[in-house]
Structures are given as structure tokens and as C-alpha cells.
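Q: Please take a close look at the site of the ligand in this structure. What surrounds the ligand, and what lines the space that holds it?

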Amino acid sequence: MSIPAPEIIAAFEAAKGFMPRHEGLALYAAAVRAARLGLPLLEVGTYCGRSTLLLADAARAAGVTAVTVDHHRGSEEQQPGWEYHDPEVVDPHTGRIDTLPAFRRTLHAAGLEDHVLALVGRSPQAAAVWRAPLGLVFVDGGHTDEHASADYAGWVPHLAEGGLLVVHDVFPDPADGGQAPYRLYLRALESGGFAEEPGTGSLRVLRRTGPAS
Ligand code: SAH
Ligand code: MG
């Protein structure tokens with residue numbers, strides 16, 4: 001299994017975000033495998049770049065680009081008064097969440113800006129104009145069924161055969177967390193177009209083997 005260099009792990013640990021280290025290492029290993037296809041790696045849900053920098057480092061090593069999509073206004077559960085709110089990412093000028101500055105600082109600190117294309121906007125809108133085949137689709141955006149199913153419908157058709165669909169926050173037991181990412185994962189498995197590879201924690205890895213519905 002490929003492991004990031006110590007300075008990349010340090011940048012990951014220093015970045016704000018919602019991914020524990022063991023899942024980050026599994027994401028990185030998946031990205032290194034997927035990058036061998038020579039196609040871009042796509043992330044939905046940039047936040048402050050904690051997971052993005054792992055995709056970026058794998059992309060850098062393979063000479064491909066990491067693409068990351070986020071409107072940077074935060075998910076439902078990150079809004080003021082909700083469980084995952086962080087007042088430090090509120091823009092004092094607008095009073096709205098804005099994670100774009102923190103994201104840029106994360107990538108700059110890791111020296112990986114040149115390997116990332118950041119799309120600022122809603123995932124379905126980005127998917128609607130996207131045309132290139134992808135080596136990896138990492139879904140870690142909105143956790144409602146509406147968002148998760150739009151992410152699946154928008155991005156999975158672009159995933160090349162042999163490419164990896166990686167889903168974060170998959171909790172089969174509702175007591176552990178919301179069910180939308182789990183349902184997305186089940187939908188991929190039931191489509192018949194994926195074979196499951198070993199996962200870690202709530203991170204699931206599926207390899208595209210054929211057409212998915
Ligand atoms: N991958 C990050 C965490 C992402 S948190 C990490 O590991 O640290 C989820 C992000 O998805 C939030 O930043 C939120 O703004 C974004 N998001 C939610 N719904 C979205 C949508 N429909 N389009 C684009 N971004 C969305
Ligand atoms: Mg997540």
C-alpha cells in the first residue's frame with residue numbers, strides 16, 4: 001500500500017476537515033492505484049482541502065490532475081447551530097460559510113496548488129458541463145439523499161472502466177450516522193457495474209467493472 005510522504009501527512013493533520021488519518025491513508029492508496037489510469041481524479045466536497053491534498057499528491061506523482069468541487073458554503077450540518085459548525089470558516093463580510101480561503105491555504109502549505117483544479121459551485125452543475133473520463137470519483141459532498149443521488153447520477157457516468165468510486169461516511173447502522181452515503185454505496189453495488197475492494201472505517205472503495213445504472 002502506498003503511503004504519503006511525512007510532510008503530506010503533516011499537512012493533512014494540520015488541515016481542518018472530517019477525515020481521520022486511517023481513512024485518509026486508504027483514500028491516498030486508492031488514489032495512487034486509480035491515477036495509474038492516467039485520468040483526472042475527481043472529488044465532490046473540498047471543504048478545507050484535507051482530503052483534496054491526498055488526491056493532489058497522488059495526482060502529482062502520476063502526472064494527472066485532481067479536480068475538486070464545492071460551493072464552499074458548507075453542508076446542512078455545518079451551518080450555524082448545527083453539529084459540525086466551525087465559526088472560524090464564516091466570512092465576516094457576508095456572514096456565510098466560506099471555506100475557499102482555508103482550502104487555498106491548505107494546498108499552498110502542502111505545495112500542491114499546481115496539481116489541483118478547483119471548481120467552485122454546485123456539484124450537479126459542474127457534472128452537467130463535465131465531459132472527460134475520470135480515473136477516480138470520491139464522493140464526500142452533501143449528505144442528504146438528494147445530494148448523494150445527484151452526485152452519483154452526475155459523476156459515475158464519467159468514471160472509466162477500471163476506475164475507482166470511493167465513498168466516505170458509509171454507515172450501515174443508522175446509529176453511527178446518516179444513511180445517504182450508504183444508500184449511494186448500495187446503489188453502486190446493485191448496479192452490477194462495480195466490484196468491491198477492501199475499505200477502511202466508513203470509506204468504501206468500488207472498482208468499476210462495466211456499465212452502471
Ligand atoms: N472532503 C472533506 C470534507 C467535505 S465536507 C474532508 O475530508 O475534509 C462536505 C462539503 O461538501 C462541504 O464543504 C460542502 O460545502 C460541500 N457540499 C455539500 N453539498 C454540495 C453540493 N451540492 N455541491 C457542491 N458542494 C457541496
Ligand atoms: Mg466525509
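A: The following account turns from the pocket to the ligand and its contacts. The model is a predicted one, and the values below are computed from it.

The space taken by ligand 1 is the largest pocket. This pocket holds about 910 Å³ of space. Its lining comprises 40 residues, and those nearest the centre of the pocket are Ser75, Glu77, Gly141, Gly142 and His143. Three elements each give two or more residues to this lining, namely β2 (66–70), α5 (123–129) and α6 (145–155). Of the elements, α6 gives the most, with four residues. Sorted by class, the lining of the largest pocket consists of 18 polar, 12 charged and 10 nonpolar residues.

Around the ligand itself, the shell can be described in similar terms. Ligand 1 is surrounded by 21 residues, and Gly45, Ser51, Asp70, Ser123 and Asp140 are the closest of them. In this shell, 13 residues are polar and five are charged, while three are nonpolar.

Individual polar contacts may then be considered. Two of them involve the protein backbone: a polar backbone atom of Gly74 is 3.0 Å from an oxygen atom of ligand 1, and a polar backbone atom of Phe18 is 3.2 Å from an oxygen atom of the ligand. A side chain also takes part, as a polar side-chain atom of His71 lies 3.5 Å from an oxygen atom of ligand 1. As for exposure, ligand 1 taken alone exposes 580 Å², of which the protein buries 98%.

In summary, ligand 1 occupies the largest pocket, has a shell with 13 polar residues, and has 98% of the area it exposes alone buried by the protein.

How values were computed:
Residues are numbered from 1 along each chain as its sequence is written. Chains are lettered from A and ligands numbered from 1 in the order in which they are written. This is a predicted model: local features need pLDDT of at least 70, side-chain atom pairs count only at pLDDT 80 or more; totals for chains, interfaces and linings use all residues. Side-chain values use heavy atoms; hydrogens and water are left out. On a 1 Å grid over the protein atoms alone, a cavity is a set of points where a 1.4 Å probe fits but cannot get out, and a pocket is an open set with protein on both sides within 12 Å along at least five of seven lines; lining residues have an atom within 4 Å of a point. Grid points are joined across faces, edges and corners, and a volume is the space filled by probe spheres set on the points. Ala, Val, Leu, Ile, Met, Phe, Trp, Tyr, Cys and Pro count as nonpolar, Asp, Glu, Lys and Arg as charged, and the others, Gly among them, as polar. A residue is near a molecule or strand if one of its heavy atoms lies within 4 Å of it. A polar contact is a pair of N or O atoms within 3.5 Å; within protein, one must be able to donate a hydrogen and the other to accept it, and residues adjacent in sequence count only if both atoms are side-chain atoms. Accessible areas come from the Shrake-Rupley method with a 1.4 Å probe; for residues, only the protein chains shown count as cover. A molecule sits in a cavity or pocket if more than half of its atoms lie within 2 Å of its grid points.
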